[in-house]
Amino acid sequence: MTAVQLTPQDTVERGLALAAAEGADDCVVLVAETSSTNLRWANNTLTTNGAMRGSSVTVIATVGSGEGTAAGVIGRSSVTEDTLREIVSAAIATARAAGPAEDARPLVDGTASADWALEPEETTVGVYEKFAPSLGESLKRAAAEKRRLYGFANHEVVTLYVGSSTGLRLRQALPRGYVSSTGKNDAHSAWVGTATRDFTDVDALSLDTELTRRLGWAGRTVSVDAGRHPTILPPAAVADLMTYLYWQLDGRDAFEGQTVFSKSGGGTRIGDTLSSQPVNLHSDPALAGLEAFAFAVARSSGGSSSVFDNGLTLTATDWIRGGKLEHLMTSRYTADLIDVPTATPGIENYVLSVDGATGTTDDLVAGLDNGLLLTCLWYIRVVEPQTLLLTGLTRDGVYLVENGEVTGAVNNFRFNESPVDLLARFTAAGATVPSFSREWGDYFSRTATPPLLIPDYNMSSVSQAS
């Protein structure tokens, strides 16, 4: 017998009905439909392209009421009518076996999206209609110039449906795409990347022009010792570091003394000045070009996330304003725990900006007498959570700047730096632009950052990586 495939809306309604019939006091059902397509190229040849579809269902069942409410969460991919019943039963059994949930709150009151009844949105290879021809031209150009290009382009659309026993019926479709490209010659390599919603704003030839420029800088190589160096971080490298900072803005972890945002002696550093510079870190689900889910989505509880908050409306949030820590990520439960008036769940985008800053990375280079240009980082890990000291390696392009010009490539380094400290120490900044983190951008690409000049970036040791 062929398994019966349900529409996302039917999955939600059927799941809620099954939960009620089996004795759950409340229930939330999340259905995520993903459509994606990609291109891959190597050694100046398009090697693969593909299209995929995926579906996942998460059922959150609760039993009990008030402070005695317990929750059970079960998720599975490619759910059919038969397996949905299994998931609902398992979620209820998990809730009945669990103790009361500390983050229990009444489910979010029901609101309905006007587009609830619409089918999931899809992407196709047609999204590359403008990008693919320019990619082909760049591959030909690289071959003629005896360079080699390697890279990956990906586009996906996630359509999320959230329904609850309190009447919640929310739907939102979010597109996201990116390009990551590496250029190589016989001796050196360079990297560029960019994020996009629909590839209409991505020109592969322009990306290749930047790769060519960076490989040209490497025509001269210079050995530089480890130590503290004046260093320019372009927006991509800033995103490599600031995305990690963003993920550490967890209110509960800070309250429990585990992070750089914990106050000595107890509590959090909300209200503390992190930088004397007019620096801001802001999220808004409605940011043009960086649109994110407009409501909280939680498939598990922990830290700043709570399954009871699914569907909670997200609003623009200043995490840092004028150098002062304004908010940390909280659920309704953790907002009460750390004694702040309003829950501020995480949002899947951020913008880092400096008031009054203008210009580009090239402008910062033109103003630097002697130092380094550090284009991207990788293998970033935490060394010390209480200061958010990170370590990692440079990759595919560290360049020497002399008298306002890039004059050569230098060796790679291991670095040790805290992005929180960098916000207090930078001495110049450019305008904020959309950015793409090489380290994190394949799954967190909705970022905008400025280039920064750090007067004493800590290159702790020379790396043999090439």
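1. Strands 2 and 3. Eight bridges hold strand 2 (residues 45–63) and strand 3 (residues 70–77) together as an antiparallel pair. One of the matched positions is Ser 56, whose bridge partner in strand 3 is Ser 77. The two strands make a hairpin with six residues between them. In the turn, Gly 64 has a positive phi of about 90 degrees. Please keep in mind throughout that this is a predicted model.

2. The sheet they belong to. Strand 2 and strand 3 are part of an open sheet of six strands, ordered 3-2-1-4-5-6, with antiparallel pairing. Strand 3 and strand 6 are the edge strands, each pairing on one side only. On average, neighbouring strands of this sheet are turned by 15 degrees against each other, direction ignored. As a reminder, strands of a sheet pair through backbone hydrogen bonds, either parallel or antiparallel.

3. Strands 4 and 5. Further along the order of this sheet, strand 4 (residues 148–164) pairs with strand 5 in the antiparallel sense over 16 bridges. Two matched positions can be looked up: Asn 154 stands opposite Tyr 178 in strand 5, and Arg 148 has Lys 184 of strand 5 as its bridge partner. This pair is also a hairpin, with four residues between the strands. Its turn contains Gly 167, which has a positive phi of about 95 degrees.

4. Strands 5 and 6. Strand 5 also pairs with strand 6 (residues 189–196), again antiparallel, over eight bridges. Tyr 178, which stands opposite Asn 154 of strand 4, stands opposite Ala 195 in strand 6. Strand 5 and strand 6 form a hairpin with four residues between them.

5. Burial of strand 5. Is strand 5 largely enclosed or largely open? Of its 16 residues (169–184), 14 are buried, so strand 5 is largely enclosed by the rest of the structure.

6. Helices on this sheet. Helix 1 lies across strand 1 (26–42), strand 2, strand 4 and strand 5, and runs at about 150 degrees to strand 1. Helix 2 packs on the sheet as well, where it touches strand 2 and strand 3. The direction of helix 2 makes about 150 degrees with that of strand 3.

7. Helix 1 against helix 2. How do the axes of helix 1 and helix 2 cross? The axes of helix 1 (residues 8–21) and helix 2 (residues 81–97) come within 10 Å and cross at roughly 45 degrees. The two helices are therefore oblique to each other. The crossing is right-handed. On the helix 1 side the contact is made by Thr 11, Arg 14, Gly 15, Leu 18 and Ala 19. On the helix 2 side it is made by Glu 81, Leu 84, Arg 85, Val 88 and Ile 92.

8. Ser 113. This residue sits in the loop between helix 2 and helix 3 (131–144). Its relative accessibility is 17%, so Ser 113 counts as buried, the cut-off being under 20%. Ser 113 and Arg 169 are 56 residues apart in sequence, while their C-alpha atoms are 6.2 Å apart in space. Leaving aside neighbours within four places in sequence, Ser 113 is in contact with Arg 169, Leu 170 and Arg 171.

9. Another open sheet. Six strands form an open sheet in the order 11-10-9-12-21-20, with mixed pairing. Its edge strands are strand 11 (324–325) and strand 20 (433–435), each pairing on one side only. Strand 10 (residues 317–321) and strand 11 run antiparallel and are joined by two bridges. Ile 320 stands opposite Leu 325 in strand 11. Helix 5 (residues 235–247) lies across strand 9 (279–283), strand 10, strand 12 (350–354), strand 20 and strand 21 (447–449). Helix 5 runs at about 115 degrees to strand 12.

10. Nonpolar cores. Which residues have the most contacts inside the largest nonpolar core? They are Leu 233, Tyr 246, Leu 249, Phe 261, Leu 281 and Tyr 457, in a core of 73 residues. Helix 5 gives the most to this core, with eight residues. A second, separate core has 31 residues, including Leu 139, Val 179, Ala 190 and Val 406.

11. Gln 464. This residue lies in the segment after strand 22 (452–463). At 73% relative accessibility, Gln 464 counts as exposed. Gln 464 and Arg 321 are 143 residues apart in sequence and 40 Å apart in space, C-alpha to C-alpha.

Key: Residues are numbered from 1 along each chain as its sequence is written. This is a predicted model: local features need pLDDT of at least 70, side-chain atom pairs count only at pLDDT 80 or more; totals for chains, interfaces and linings use all residues. Side-chain values use heavy atoms; hydrogens and water are left out. Buried means under 20% relative accessible area, exposed over 50%, partly exposed in between (1.4 Å probe, protein chains only). Two strands pair if DSSP finds at least two bridges between them. Contact means heavy atoms within 4.5 Å. Axes are lines fitted to C-alpha atoms, for helices over the stretch in contact, and angles run from 0 to 180 degrees between N-to-C directions. A nonpolar core is a set of buried Ala, Val, Leu, Ile, Met, Phe, Trp, Tyr and Cys residues joined through side-chain atoms within 4.5 Å. Angles under 35 degrees count as roughly parallel, over 145 as roughly antiparallel, 65 to 115 as roughly perpendicular and the rest as oblique. A crossing is left-handed if the near helix is turned anticlockwise from the far one by less than a right angle, and right-handed if clockwise.
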